[in-house]
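Subject: Structure for you to look at

Hi,

Here is the structure I promised to pass on. Have a look at it first, then read on for what turned up.

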There are 2 protein chains.
Amino acid sequence: MARGSGVSTATVSRVMRDGAGFSAQTRDRVLQVAAELGWIPSGSARGLASRRAGIVGLLFPDLGVGGPDSESPLYVDQVIRGAEQAATAAGDAVLIAATRGSSGRDLALSVSSKVDGLVVVARSLPQADLATLGRRLPVVVLSDRAGRLAEVDSVTVDNVGGMRALVDHLIEAHGYRDITFIAGPPRSPDSSQRFAGYQQAMRAAGLDAPKLPHAIGHFTEAGGARAARELLADRRPPEAIVCGNDQMAIGTLDVLTSLRLRVPRHVAVTGFDDLAAARHVRPHLTTVAQPMRDLGARAVRAVLARLDDPTAPRLESVLPTDLVVRRSCGCRPARRGAAGRSGRTAG
Amino acid sequence: MARGSGVSTATVSRVMRDGAGFSAQTRDRVLQVAAELGWIPSGSARGLASRRAGIVGLLFPDLGVGGPDSESPLYVDQVIRGAEQAATAAGDAVLIAATRGSSGRDLALSVSSKVDGLVVVARSLPQADLATLGRRLPVVVLSDRAGRLAEVDSVTVDNVGGMRALVDHLIEAHGYRDITFIAGPPRSPDSSQRFAGYQQAMRAAGLDAPKLPHAIGHFTEAGGARAARELLADRRPPEAIVCGNDQMAIGTLDVLTSLRLRVPRHVAVTGFDDLAAARHVRPHLTTVAQPMRDLGARAVRAVLARLDDPTAPRLESVLPTDLVVRRSCGCRPARRGAAGRSGRTAG
DNA sequence: TTGTAGGCGTTATCAT
DNA sequence: ATGATAACGCCTACAA
């Protein structure tokens, strides 16, 4: 009827949705009255009627459950930014929630009720729940091939190829043969894929590849430091220490410094992720860049696409990684301004 | 009626909301059927009927508009995490959206329709829009005293006291008198408050305080580097360079290194924020810690509180900051394990 | 171009 | 403890 102006709710609705079917005059009138009244359409009512909330959910893991220091993998921040960008560009919004320990299932249900689809970052949820959720609404898993088993779409990164390119570089450009690997959590898909890439590179060069990582660093700075300390207690330093991510590499660098071992002169060190910290740490960290923002953006787009076409074949997108050569592997610094990137990995 | 079990929608509703008024038997039955069907209540319908979406919105600025490199203040990530934690703890969820340039108003409206209340980070929105929004739903501004003018709640940080404590330290503990200030964007409230803190400390020590900052670094690493380069082109290095945030301090460190000036021997350098990078950079950065997560958490709680009691007096919360003394100011490193913190600033 | 009216899936109020 | 039944505020044919 009259939202204050003299038109029907239908007309107001048409105007507010940018649809067609009204005169410019009517539109101006409606818009003006709305502005005067500070009136905003109700998202809930709109969502109910159109069965589309205009919201995509993003679930990510919060490890170190509980305390104020609870922490998620650092790359999650970038994923969130990428997701936000893609969603906003599509006129949607993103809802975020961190699953903490066993409360994950309840949280997932609560979030599910508010969104049209879900992006689930690796290790946020047990696989069984993924499959269940996937039957109710579009679900895209990130950095986790569990999607395949749960039969939902997935967007991942070429961990194997990235790590392989990195280790190839250490072997070919620097001639290292004695290369130690510090892994992340045993059950992390990212970690095991990266280790596989390391094994492949070693074997391809005719070197012995261990069946298991030399140490476990849990993807944290402290964990990496602990792993490095243990490694070096046993034996003389290897030629290179390859870490499963940047945070562990940073912890390793600290330990080496305190042991008066110079990097890269005495030992080379590498990471994975290319966090901002990789450029701040000394020496600058040679690592593998993941397109973290793009990961988030693509996952959101995949959700939106699935909403449009529920029958499309399952998506299994693998994004390439980039080898980023800096000083910690033993390379000389590039000239100022040179990017220091190379070796884009195929998807 | 029968959602598959044999009870009315009313009963299902009661069970799903954890309310009372049903037998344990009925509850189990409803829950079981729901699980079997994979049924989840509709958030939209629920929101419409109860006029409560269970969602809090978070608006933050995305500067460097446009390109894939668009970037927000780094502390925003932490604010988001804190907001998520507080919201989840309260059974709500948080919706995030970055305002990019002039599209801010539309985005704000779109988000407003989907949420019960809004947290608005400084510089996301023109002040006029803040006031307008504030009339429609609870709005809490973050890091910006604009809240006062717009008559909405605000949560800020004691920028003045934090910077003052830092500069006091430089003057008293190190005896510096020639202290240069690199500021952020001219219209940033954070920046001008920090400059004011610097001025206060200088005057209190009987030193000359400039009316304007010696240089402007726009809160970015590149901007800080540029500012440092300009400063040092003119004159011999000052005893200390105080930067308005950590990112500019990091840029400044790079420039000093490339000019073969040692920090802190030749020049002391300090930051503000205590980003993770402050501990990675060499030398470790003396800075002022802001409780960024807490900032986000409190803002969300303020929104929720306002929802409960619309008539409560306006909230103007100022959180204390912590002086974090590391090596870049000239202090010797603390013993391992010592926190290196001191000087909590009053609110 | 505009209005009318049924329906979206809950919650909340009354009954029973 | 449970059921029936109006709202809730919008969208979407359908009609004019």
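Which residues come nearest to DNA strand C? They are A:A10, A:F22, A:T26, B:S13 and B:A49, out of 23 residues around that strand. Before you go further, keep in mind that this is a predicted model.

Both protein chains take part here: α1 and α3 of chain A, along with α1 and α3 of chain B, are the elements that give two or more residues to the surface near DNA strand C. The largest share, 5 residues, comes from α3(B). By type, the residues of this surface split into 11 nonpolar, 10 polar and 2 charged.

Now for DNA strand D. This strand is surrounded by 24 residues, and the closest are A:S13, A:A45, A:A49, B:A10 and B:F22. Two or more residues each come from α1 (9–16) and α3 (43–50) of chain A, and from α1 (9–16) and α3 (43–50) of chain B. For strand D, the largest share of the surface is from α3(A), with 5 residues. The split by type is 12 nonpolar, 10 polar and 2 charged.

Next, how do the protein chains meet? In total, 37 residues of chain A are in contact with 37 residues of chain B. On chain A's side, α3, α4 (75–89), β2 (93–99), α5 (104–112), α6 (127–136) and α12 (277–280) each supply at least two residues. β2(A) gives the most, with 6 residues. The whole chain A side divides into 20 nonpolar, 11 polar and 6 charged residues.

β2(A) is worth finding on your screen. This strand is joined by 3 bridges to strand β2 (residues 93–99) of chain B, and the two run antiparallel. To see the pairing, look for A:I96, which stands opposite B:V94 in β2(B).

Finally, go back to the α3 helices. The axes of α3(A) and α3(B) come within 8 Å and cross at roughly 135°. How are the two helices oriented to each other? An angle between 115 and 145 degrees counts as oblique, so α3(A) and α3(B) are oblique to each other. Their crossing is left-handed. The residues that meet are A:S44, A:A45, A:G47 and A:L48 on one helix, and B:S44, B:A45, B:G47 and B:L48 on the other. That contact is made up of 4 nonpolar and 4 polar residues, with no charged ones.

Happy browsing!

Conventions: Residues numbered from 1 in each chain as written. Chains lettered and ligands numbered in written order. Predicted model: local features only at pLDDT ≥ 70, side-chain atom pairs only at ≥ 80, totals over all residues. Near = placed C-beta within 6 Å. Helix = DSSP H or I, 4+ residues; strand = E, 2+ residues; numbered from the N terminus. Nonpolar A, V, L, I, M, F, W, Y, C, P; charged D, E, K, R; others polar. Contact = placed C-beta atoms within 7 Å. Pairing = 2+ DSSP bridges. Axes fitted to C-alpha atoms, helices over the stretch in contact; angles between N-to-C directions. Parallel < 35°, antiparallel > 145°, perpendicular 65-115°, else oblique. Left-handed = near helix turned anticlockwise from the far one by under 90°.
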